[in-house]
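The exercises below concern a predicted model. Work through each task with the structure open, and then compare your reading with the solution.

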Amino acid sequence: MGMNVSRQVDLTENEYLQRFVGKTHVPAYDDDFWNNFLQYHINLPTNSQEQLSLDSRLESLCQSFISHNLHTGNFGSLINVFLLKVSELLTLSDTESNVHIWHAFNALFIIRCLVKYMIETGSEYQLLQHFEALPVQTAEIDTTSSETHSVGTSTAISIDVRAVEETKAAVAKLVDGTKFETFLEALVNIIVVIPVKEFTYHLHLEAVNCMIILLSVSLFSQQTMEKSTIYRTIYRCQHANTLMSALLHFLSRMSQAPQTMFGFGTGGSFVFGIAESLWSILTFARKQPDILTAHDLPTAFREHYPLANQSLLLILILTNHHATKDNPYRISLFGCSDSQDSPKEDPATFKIDFSSLYNTLCRIVTIDQATLLLYLLLYRNQRFQKYVMAQQNLQQLVIPILQTLYNAPDSTSHHIYMSLIVLLILSEDDNFNKSVHQIMLKNITWYTERSISEISLGGLLILVVIRTIQYNMLKMRDKYLHTNCLAALANMSGQFQSLHPYVAQRLVSLFETLAKKHARLDQQLKNPNGPTGEPDVSIPIGGGGLTSEDMDLSVLEEVLRMVLEILNSCLSHQLVYCPNLVYTLLYKRNVFEAFRSHSAFQDIIQNIDMVVGFFSSRLQRVQEQRGELGVNEVLEVISKGASQWSSDRLRKFPDLKFKYVEEDAPEEFFIPYVWTLVCKAGCVHFSSETIKGVSAEIVC
């Protein structure tokens with residue numbers, strides 16, 4: 001069929017499908033059958049509706065296959081045909097391989113459909129049985145009829161029989177009880193050996209999809225993956241470095257899916273002149289590809305760059321399972337280096353162009369799965385972290401992350417959390433904290449709280465993190481997110497410079513908001529039967545989703561103390577560069593009044609009071625001379641006073657340094673998270689009704 005033809009075909013009426021799933025053994029050397037069987041055209045289903053449509057039309061055929069294959073061994077024949085096609089591909093030139101690639105893709109797609117069905121409806125043991133099943137009675141070659149109709153051509157007959165026997169012998173070598181391992185090796189060969197070109201793109205995509213399907217056995221099984229034969233086979237693969245390298249290259253290059261497959265035109269037939277398909281799977285209408293746009297980036301990335309998308313998801317699956325054990329894929333990803341590095345660098349698992357990878361991540365970092373990969377690389381790969389910290393265009397990476405946090409209601413809680421952790425990891429580097437205040441931004445249109453014509457990247461980061469704290473107090477109530485917000489600000493506080501007036505206001509207002517909450521809660525504890533005043537919200541630090549009724553006052557005091565330490569750190573290290581913060585503290589000095597005598601805050605409030613007192617006295621003297629001062633005049637007095645200020649007057653506190661440390665048993669968080677992303681953002685769709693492993697939160 002042409003690629004643009006859509007026709008409801010009853011697959012159960014197709015003679016080749018019926019024979020394949022029926023009671024009769026089809027040997028792998030029956031070239032006539034397999035060539036006809038594999039001559040079909042399909043556009044891959046890319047969403048749940050298309051997948052459901054395909055699954056429903058294949059269900060009766062799959063049931064027939066399950067009933068008969070253990071006796072016929074036809075699945076094994078199909079595997080052998082696929083393996084032979086792949087082995088031949090590795091020796092063919094481009095001009096010779098198009099038909100082989102077409103057939104190999106079609107064979108692999110059928111294998112993927114059957115494996116998916118068996119995983120969703122059966123057990124892993126049953127799946128492996130079907131991989132290794134041999135026909136109960138091997139079909140014998142009937143040469144009698146050939147001899148009857150070929151009198152005088154005995155030489156020709158002997159050649160034909162010999163050719164068949166040689167083919168049978170080649171196939172027999174593949175049937176040695178380890179067919180699954182051989183099949184997996186063929187998938188890896190497709191991914192790492194065959195170069196990605198326009199006519200091989202979908203074969204690579206199908207190989208990646210098939211690996212994801214095999215690994216999805218964890219979704220449908222309650223057994224531990226340590227007992228899974230599929231997982232054990234995949235994780236003892238000797239080609240982990242080359243596989244991880246290829247997958248990361250697929251992502252980094254981000255090649256767009258070709259509009260045609262294997263030489264099919266949008267309205268014609270196969271370029272090699274093959275007639276209309278002998279059987280057809282439902283074809284799906286496709287829009288013409290659009291450019292990657294920010295307003296619908298996840299969908300555009302999945303539809304127009306499916307190989308990059310699926311490769312990214314497969315990387316996440318491979319690296320997050322067995323995270324606390326000997327995982328060769330995890331070791332490989334965390335040990336790779338920049339291809340531009342000097343050869344004298346420490347040995348790397350593989351090399352990749354960090355520049356290309358960095359630019360790709362900047363382009364798609366607002367996508368959930370891209371943020372997760374960025375986190376893994378920054379946290380675990382020291383070479384990549386060092387490379388990122390040295391970049392002059394950090395705004396290309398940081399601004400999209402800030403947009404994700406700013407648009408928190410549009411993101412999952414996991415995505416918000418991982419975006420913030422990335423900022424926290426970046427804030428551990430002093431050079432990053434310094435450089436973000438040197439990068440000036442203009443007309444940030446997506447920040448709508450207030451119109452700001454110009455602001456530093458550091459100032460914008462502070463604003464968004466403070467806003468995230470407020471959003472967390474009102475909506476999410478996530479103890480970890482709240483703590484990490486403050487930790488990121490604390491790490492940056494010693495390098496705050498040239499703070500925009502609005503940024504300084506928001507910093508002090510954060511303390512003011514928390515102070516009012518503290519006063520209300522303190523009043524409620526002293527007078528539990530009295531009026532509660534305005535409704536309260538939770539501060540989710542240290543205790544999860546706490547409400548105003550059960551929140552410990554000490555929890556809130558820890559948060560207040562942290563904010564004071566952030567203000568004190570800035571005043572101790574950068575007062576001369578932050579006149580707007582001093583101005584705001586002078587204007588809002590009364591918000592600290594209630595804490596001057598509080599034992600938990602007294603020491604640090606003394607530092608703030610000393611700064612406020614120093615500049616207040618200078619302003620008073622100037623006002624006595626000039627009269628009432630305007631804003632610019634006040635800032636001028638503050639700037640002159642700052643040049644005479646000595647931080648030695650302040651009480652010394654330890655520098656604020658927080659470091660992100662991954663919790664024990666990270667698999668409990670990351671594995672459900674990764675499979676949720678695979679189900680929601682991937683090109684392969686699963687039946688949610690039979691998912692019973694990993695996490696009940698997964699929604700397909």
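**Exercise 1.** Determine how much space lies in the second largest cavity, and identify which residues line the second largest cavity.

*Solution.* The second largest cavity holds about 50 Å³ of space. Its lining is then read from the surrounding residues, which are Ile-444, Tyr-447, Arg-450, Ile-452, Ile-455 and Leu-460. To place this cavity in context, the structure holds 3 cavities of 30 Å³ or more.

**Exercise 2.** Describe the largest nonpolar core, and state which helix gives the largest share of this core.

*Solution.* Begin with the extent of the core: the largest nonpolar core has 231 residues, and those with the most contacts inside it include Phe-82, Phe-183, Tyr-375 and Leu-581. Next, trace its origin: helix α5 (residues 94-121) supplies the largest share, 14 residues, while domain 1 (392-494) and domain 2 (552-655) each contribute at least three residues. Finally, take Leu-581 as an example: once neighbours within four places in sequence are left aside, Leu-581 is in contact with Leu-499, Ala-504, Val-508, Leu-567, Cys-570 and Leu-571.

**Exercise 3.** Find which residues of helix α6 (residues 124-132) are buried, and explain why they lie on the same side of α6.

*Solution.* Taking buried to mean under 20% relative accessible area, the residues of α6 to list are Glu-124, Leu-127, Leu-128, His-130 and Phe-131. These residues are on the same side of α6 because they cover an arc of only 155 degrees around the axis. The general background is that an α-helix has 3.6 residues a turn, so residues three or four places apart point the same way.

How values were computed
Residues are numbered from 1 along each chain as its sequence is written. This is a predicted model: local features need pLDDT of at least 70, side-chain atom pairs count only at pLDDT 80 or more; totals for chains, interfaces and linings use all residues. Side-chain values use heavy atoms; hydrogens and water are left out. A nonpolar core is a set of buried Ala, Val, Leu, Ile, Met, Phe, Trp, Tyr and Cys residues joined through side-chain atoms within 4.5 Å. Buried means under 20% relative accessible area, exposed over 50%, partly exposed in between (1.4 Å probe, protein chains only). Helices (H or I, at least four residues) and strands (E, at least two) are DSSP runs, numbered from the N terminus. Domain bounds come from an automatic or database domain assignment. Contact means heavy atoms within 4.5 Å. The arc is that of the directions from the helix axis to the C-beta atoms. On a 1 Å grid over the protein atoms alone, a cavity is a set of points where a 1.4 Å probe fits but cannot get out, and a pocket is an open set with protein on both sides within 12 Å along at least five of seven lines; lining residues have an atom within 4 Å of a point. Grid points are joined across faces, edges and corners, and a volume is the space filled by probe spheres set on the points.
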